[in-house]
Structures are given as structure tokens and as C-alpha cells.
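Grab your viewer and a coffee: here are a few exercises on reading a fold from its coordinates. Try each task yourself before you look at the solution.

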Amino acid sequence: MVSLQEQLLKAGLVDKKKVKQAGHDKSKQTKVERRTGTQSVDEARLAALDTQQKNLERTRELNAQRVAAANQKAIMAQIAQMVQANRQSKGAGDIAYNFTHGTTIERLYVSAEVQAHLIAGRLVIVRLGSATELVPRIVADKIAERDPSLVVRVKKTSTEIDENDPYAAFQIPDDLMW
């Protein structure tokens, strides 16, 4: 392999004196840089390091998102397993039990015994996708720790009686059917 200097000499574009002067200037410049400690900054290298740093940050963010998605999937699997293992029968009833889930009012047909357990709070409604299941209160509390949006909470009416209420003597039962 022939160097560029030799090729230029053979072509007659430069003479030996200019080649020697260029080599001398280059060695002089490197000596000055070593003494003063100033070296030329390689912009391409800095740009490559910057790009590498941005790629590392992006990779970390993507990994964090993957880990969060995997954790959410594991939590949903735990909830599904708890519901499957502890679900209670709705009974073969024809009593409509109305409840609110989010902003919608939904209806569940249960037996009288199950309705009494729901009103007393011993059974709780859990919505898993489009399925509605009944689970014991203890299991519902564990599910609510993981994802409270799946558990349907029945709001208890206050039992305090207003002194000025003219209908205070006429109590309305919770299981009143219209």
C-alpha cells in the first residue's frame, strides 16, 4: 500500500521539500498540544456519546414500562385466582339486586339468602371484565388492596335520625321491594 504522500510525489503534484515541511509542521503542532494540554475536541465523538446516552435513557424508560406492565398483569392474575377460588353462588333466585358500578346501575338476580348477605356486607360484588362475581368480604378487601376499581362498594345509609325530620318515626327497610 502506497501512502498519499508517495502518490502525490509520483504524480508530480508536490515536491519533497513541501512533504518534508508538512511533516515538520504536523510534529510541531503535536508538541505544542502536548505542552499546553489543549487537544482538539472531537465533535463526532461527543455527538456519538450524546446519542448513546439518549438511547440508554430511552431503553431504561421502555424497560420500566415493561416491568410495570408485567406487574399489572401479575396483579390481575392474582385477582382472577382469588375470585375463582372464593366465588360464592348467586343462588337460583329471582330477586333483582341493583347496584352501581362506576356511573351505571346494574342488576344482579340473587336468592333471598344471598340478598341478605349482600345487604349485611358479608358478600361483596366484584367485577372482573364483564363477569360479576360474589366473594366474601375478606377476599374483597384483599382485591381492593390490589385494584379498588374492581370491587363494588355498597354505600351504607346513615342511621342517624334528624331531630327535625317529620318522618323520623317511619323507618324504611333496606330490603323494601317496590
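Below are four exercises, each with a worked solution, on this predicted model.

**Exercise 1: the overall inventory**

Work out how many helices and strands the protein has, and in what pattern they follow each other along the sequence.

*Solution.* Start with the count: the secondary structure comes to five helices and five strands. Next, walk along the sequence, and the pattern reads α-α-α-β-β-α-β-β-α-β. Then check the burial: of the 178 residues in the protein, 17% are buried. The accessible surface comes to about 14,500 Å², and carbon and sulfur atoms account for 54% of that. Finally, take the contacts between residues at least 6 apart in sequence: 43% of them join residues at least 24 apart.

**Exercise 2: the three-stranded sheet**

Find the strand order of the open sheet of three strands, and explain why S4 and S5 each have one side without a neighbour in the sheet.

*Solution.* Step one is the order, which is S4-S3-S5 with antiparallel pairing. Step two follows from that: S4 (131-136) and S5 (151-152) stand at the edges and have a single partner strand each, so one side of each lacks a neighbour in the sheet. Step three is to count the bridges. S3 and S4 are joined by six, while S3 (residues 123-128) pairs with S5 over two. As for cover, five of the six residues in S3 are buried, so-called "mostly covered".

**Exercise 3: residues across the strands**

Identify which residues stand opposite Val126 in S4 and in S5.

*Solution.* Look towards S4 to begin with: there, Val126 stands opposite Glu133. Now turn to S5, where Val151 is the residue opposite Val126. For another pair between S3 and S4, go to Val124, which faces Val135 in S4. While you're there, look at the hairpin of S3 and S4: two residues lie between the strands, and Gly129 takes a positive phi near 65°.

**Exercise 4: helices on the sheet and on each other**

Determine which strands H4 and H5 lie across, then classify how H3 and H5 run relative to each other.

*Solution.* Take H4 (residues 112-120) to begin with: this helix lies across S3 and S4, at about 90° to S3. H5 (residues 137-146) lies across S3, S4 and S5, and runs at about 120° to S4.

Now for the helix pair. H3 (residues 43-86) packs with H5 at an angle of about 170°, and their axes are 10 Å apart. Angles over 145 degrees count as roughly antiparallel, and H3 and H5 are therefore roughly antiparallel to each other. On the H3 side, the contact involves Ile75, Gln78, Ile79, Met82, Val83 and Asn86. These meet Val139, Lys142, Ile143 and Arg146 in H5. Sorted by type, the contact residues give six nonpolar, two polar and two charged.

Technical notes
Residues are numbered from 1 along each chain as its sequence is written. This is a predicted model: local features need pLDDT of at least 70, side-chain atom pairs count only at pLDDT 80 or more; totals for chains, interfaces and linings use all residues. Side-chain values use heavy atoms; hydrogens and water are left out. Two strands pair if DSSP finds at least two bridges between them. Helices (H or I, at least four residues) and strands (E, at least two) are DSSP runs, numbered from the N terminus. Contact means heavy atoms within 4.5 Å. Axes are lines fitted to C-alpha atoms, for helices over the stretch in contact, and angles run from 0 to 180 degrees between N-to-C directions. Angles under 35 degrees count as roughly parallel, over 145 as roughly antiparallel, 65 to 115 as roughly perpendicular and the rest as oblique. Ala, Val, Leu, Ile, Met, Phe, Trp, Tyr, Cys and Pro count as nonpolar, Asp, Glu, Lys and Arg as charged, and the others, Gly among them, as polar. Buried means under 20% relative accessible area, exposed over 50%, partly exposed in between (1.4 Å probe, protein chains only). Accessible areas come from the Shrake-Rupley method with a 1.4 Å probe; for residues, only the protein chains shown count as cover.
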